[in-house]
Amino acid sequence: MKSIGIIGGMGPLATCDLFGKIINNTNARIDQDHIHVYIDNNTEIPDRTAAILYGGKSPVAQLVRSAIKLESMGADALIMPCNTAHYFYDEVIKYVNIPMIHMPKETAREIKANKYKKVAILATEGTLQSGIYQKAFDEEEINYLIPSESQQKPIMKIIYDGIKAGNYGIDIRDFYDVLDDMFDKGAEAVVLACTELPLAFDKFEIDYPNIDPTEILAKAAIRFATENL
């Protein structure tokens, strides 16, 4: 069985969520049936959205540091539980000799396989501005909606002021307004294209049809680790 390395810390809860989904989706009866997973919970990685939109410190050096560390520990492939970080994918992967599973591309393939007619992308401003999901969806000819600039504010609020801050008492009525608008415009599901959003749907008990890229990434990692067994 091959091993997996997680470039974590973006944020720590999202890292735990990905690891948990690898465990929960693995067909295992005993401890030894599980995948060997290396985790670098590198909280020194600068904010990805700030780097993309506002000229903040680049996360590349720390992403590369984690990637090299995980490869040296024995990882056969890398995964990142941060959608926005995939903007820097090409800059990171050239420093290692192992593959990195690409979460937006895996998500696009899954959506196409399930024949969704239209989905809505919920993500950080950095992810949307980077175009990583739009590009992946365009390549698979997937129809998608993107929130307006004003609708983006409650999305960032639930990500940063809610999950990242550990504050589960915030008012999220404006977030529900965004969801309702996306479905009114024909979305069959919302893509939770920020790794804090699956956590938000759980913590705030939001019950709308959704697609979870974190779980899709976990299953892709399991397939990689267990192929040819």
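In this predicted model, the largest pocket holds about 240 Å³ of space. Its lining consists of His86, Tyr87, Tyr89, Asp90, His102, Lys105, Ile132, Lys135, Ala136 and Glu139. By class, these residues divide into 4 nonpolar, 2 polar and 4 charged. Two helices, α4 (89-93) and α7, each supply at least two residues of the lining. The largest share comes from α7, with 4 residues. Because domain 1 (4-102 + 215-226) and domain 2 (104-211) both give residues to this lining, the largest pocket lies between them.

The second largest pocket has a volume of about 190 Å³. Around this pocket stand Leu53, Glu125, Leu128, Gln129, Ile146, Pro147, Ser148, Glu149 and Gln152. The elements giving two or more residues to its lining are α6 (125-130) and α8. Of these, α6 gives the most, with 3 residues. The lining has 4 nonpolar, 3 polar and 2 charged residues.

A search of the whole structure for cavities of 30 Å³ or more finds 1. The volume of the largest cavity is about 80 Å³. Its lining is made of 14 residues, and Arg48, Cys82, Thr84, Thr124 and Lys164 lie nearest the centre. At least two residues of this lining come from each of α2 (48-54) and α8 (149-164). The lining of the largest cavity also draws at least three residues from each of domain 1 and domain 2. The table sets the three spaces side by side.

| Space | Volume | Nonpolar | Polar | Charged |
|---|---|---|---|---|
| Largest pocket | about 240 Å³ | 4 residues | 2 residues | 4 residues |
| Second largest pocket | about 190 Å³ | 4 residues | 3 residues | 2 residues |
| Largest cavity | about 80 Å³ | 5 residues | 5 residues | 4 residues |

The next topic is the two domains. The protein chain is divided into domain 1, which covers 4-102 + 215-226, and domain 2, which covers 104-211. Their C-alpha centres lie 20 Å apart. The contact between them takes 23 residues from domain 1 and 26 residues from domain 2.

The interior comes next. In soluble globular proteins, nonpolar side chains tend to be buried together. Here the largest nonpolar core has 33 residues. The residues with the most contacts inside this core are Ile4, Ile22, Ile79, Tyr133, Phe137 and Val191. Several elements give two or more residues to the core, including the strands β1 (4-8), β3 (77-79), β4 (119-122) and β6 (189-192). The helices that do so include α1 (12-25), α5 (103-113), α7 (132-139) and α11 (213-226). The largest share, 8 residues, comes from α11. This core draws at least three residues from each of domain 1 and domain 2.

Ile22 gives a closer view of the packing. Leaving aside residues up to four places away in sequence, Ile22 touches Ile6, Ile35, Val37, Ile79, Ala218 and Ile222. Apart from the largest core lies another core, of 25 residues, among them Ala120, Ala187, Leu199 and Ile206.

Asp17 is found in helix α1. With a relative accessible area of 15%, under the 20% limit, Asp17 counts as buried. Not counting residues up to four places away in sequence, Asp17 touches Pro198, Leu199 and Thr214. Asp17 and Glu215 are 198 residues apart in sequence, but their C-alpha atoms are 8.8 Å apart in space.

Some backbone features remain. Most residues other than glycine have a negative phi, and most peptide bonds are trans. The peptide bond from Met10 to Gly11 is cis, with omega near -10°. Gly11 is found in the loop between β1 and α1.

Lys115 is a residue other than glycine with a positive phi, near 60°. Lys115 is found in the loop between α5 and β4. At 72% relative accessibility, which is over the 50% limit, Lys115 counts as exposed. Glu141 has a positive phi of about 55° although it is not a glycine. The loop that holds Glu141 runs between α7 and β5 (144-145). Glu141, at 72% relative accessibility, also counts as exposed.

Note on methods: Residues are numbered from 1 along each chain as its sequence is written. This is a predicted model: local features need pLDDT of at least 70, side-chain atom pairs count only at pLDDT 80 or more; totals for chains, interfaces and linings use all residues. Side-chain values use heavy atoms; hydrogens and water are left out. A nonpolar core is a set of buried Ala, Val, Leu, Ile, Met, Phe, Trp, Tyr and Cys residues joined through side-chain atoms within 4.5 Å. Buried means under 20% relative accessible area, exposed over 50%, partly exposed in between (1.4 Å probe, protein chains only). Domain bounds come from an automatic or database domain assignment. Contact means heavy atoms within 4.5 Å. On a 1 Å grid over the protein atoms alone, a cavity is a set of points where a 1.4 Å probe fits but cannot get out, and a pocket is an open set with protein on both sides within 12 Å along at least five of seven lines; lining residues have an atom within 4 Å of a point. Grid points are joined across faces, edges and corners, and a volume is the space filled by probe spheres set on the points. Ala, Val, Leu, Ile, Met, Phe, Trp, Tyr, Cys and Pro count as nonpolar, Asp, Glu, Lys and Arg as charged, and the others, Gly among them, as polar.
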